[in-house]
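Work through the exercises below with the model open. Try each task before reading its solution.

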Amino acid sequence: DFGKCLDALYRSPDEILYQVKDKKVYRLIQIQDQFIPVVISEEVGSLKVETDIDLSDNQQSELKSFITMWFDLDKHLVPFYQLLQNNPKLAHLSEELYGLRIVGIPNLFEAICWSILGQQINLSFAHKLKRRLVEIYGHKVDWRGLELHHFPSPESLLGLDEVYLHQEMQFSRSKLKYLKNVAEAFSSGLISHEKLLALPTFEERQTLLTSIKGIGVWSANYSLMKALNQPEAIPYGDTGLTQALFNLGIVENRKDEDAIRAFFTSVQGWEAYTVFYLWRSL
């Protein structure tokens, strides 16, 4: 259900990396070294992608892969809905949110940086910080009357001005240091999408990410969920997640970590989807 997926794109007034208008989403996507402006809309049984750029077959294939990952289009959801139906407290979600797919962040670097920006602040202010960072260090293209922006590269954030961003743009010193740490890890090759995919287990991927100062378990799991579609990724400690579990009567105490972990053993293989649906239930 493309409409439900568009609704799941949090459209803060400060969202800068995509724009939703008239049931279409506009975005700037980097394919190899080229920035491609696209507009995605729904047709019967498919998504339609338009751009004015003449793309090679290889670029078309990469663009298709990006969008497929962004909306998790390869996942067969019937087993997930059957799992929800087995739990009376979750069964209604399979009907209310039918057709909703995890809306990801295919750029791993962006996913990790976003998780750092959002730590310990409200979502509205986190979007303001992201907008400021992207406007200063990202890439911009004017297309069809819109300003489309792309998230900064690791190399561009290596030289971020900590004094200016702290004093004038309200970034905390710790966030700036963590962003630099992550930029250095990507620039040096310590972390990459391909390197994480090459690791055989979820635990090894989580361990590699948390070895970077500034990436805790929540940030690692959130990033693995959004950038790698990792089914086991549960952002434990997430306020929205614990609130949703409490609202639905799944846990009686939002701080009961044992009860929360016990619940997720009942949805094994679909943990990330369960988290995403619980978020949407709010």
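## Surface and overall form

The protein chain has an accessible surface of about 13,900 Å² (Shrake-Rupley method, 1.4 Å probe; for residues, only the protein chains shown count as cover), and carbon and sulfur atoms hold 47% of that surface. This is a predicted model: local features need pLDDT of at least 70, side-chain atom pairs count only at pLDDT 80 or more, and totals for chains, interfaces and linings use all residues. Residues are numbered from 1 along each chain as its sequence is written, and side-chain values use heavy atoms, leaving out hydrogens and water.

**Exercise 1.** Describe the fold content and the compactness of the protein chain.

*Solution.*
- Step 1: count the elements. The protein chain has 15 helices and six strands (DSSP runs: H or I of at least four residues for helices, E of at least two for strands, numbered from the N terminus).
- Step 2: compare the radius of gyration, taken over C-alpha atoms, with the globule rule, 2.2 Å times the number of residues to the power 0.38. The radius is 19 Å, close to the 19 Å that the rule gives for 282 residues, so the protein chain is as compact as a globular protein of that length.
- Step 3: add the extents. The C-alpha trace spans about 50 × 45 × 35 Å along its principal axes.
- Step 4: check the contacts (heavy atoms within 4.5 Å). Of those with a separation of 6 or more, 61% join residues 24 or more positions apart.

**Exercise 2.** Classify the ring pair of Phe80 and Tyr81, then place both residues.

*Solution.*
- Step 1: apply the rule. Rings of Phe, Tyr and Trp (its six-membered ring) pair if their centres lie within 6.5 Å; planes under 30 degrees apart are stacked, over 60 edge-to-face, the rest tilted. The structure holds 19 aromatic pairs.
- Step 2: the centres of Phe80 and Tyr81 lie 5.8 Å apart with planes at 40°, so this pair is tilted.
- Step 3: judge burial (buried under 20% relative accessible area, exposed over 50%, partly exposed in between; 1.4 Å probe, protein chains only). Phe80 is buried at 0%, and Tyr81 is buried at 9%.
- Step 4: widen the view. Ring pairs link Phe80, Tyr81, Tyr98, Trp270, Tyr273 and Tyr277 into a cluster.

**Exercise 3.** Which rings have the charged ends of Arg254 and Arg261 over them?

*Solution.*
- Step 1: set the test. NZ of Lys or CZ of Arg must be within 6 Å of the ring centre and within 35 degrees of the ring normal.
- Step 2: Arg254 sits over Phe246, 4.5 Å from the ring centre.
- Step 3: Arg261 sits over Tyr236, 3.9 Å from the ring centre.
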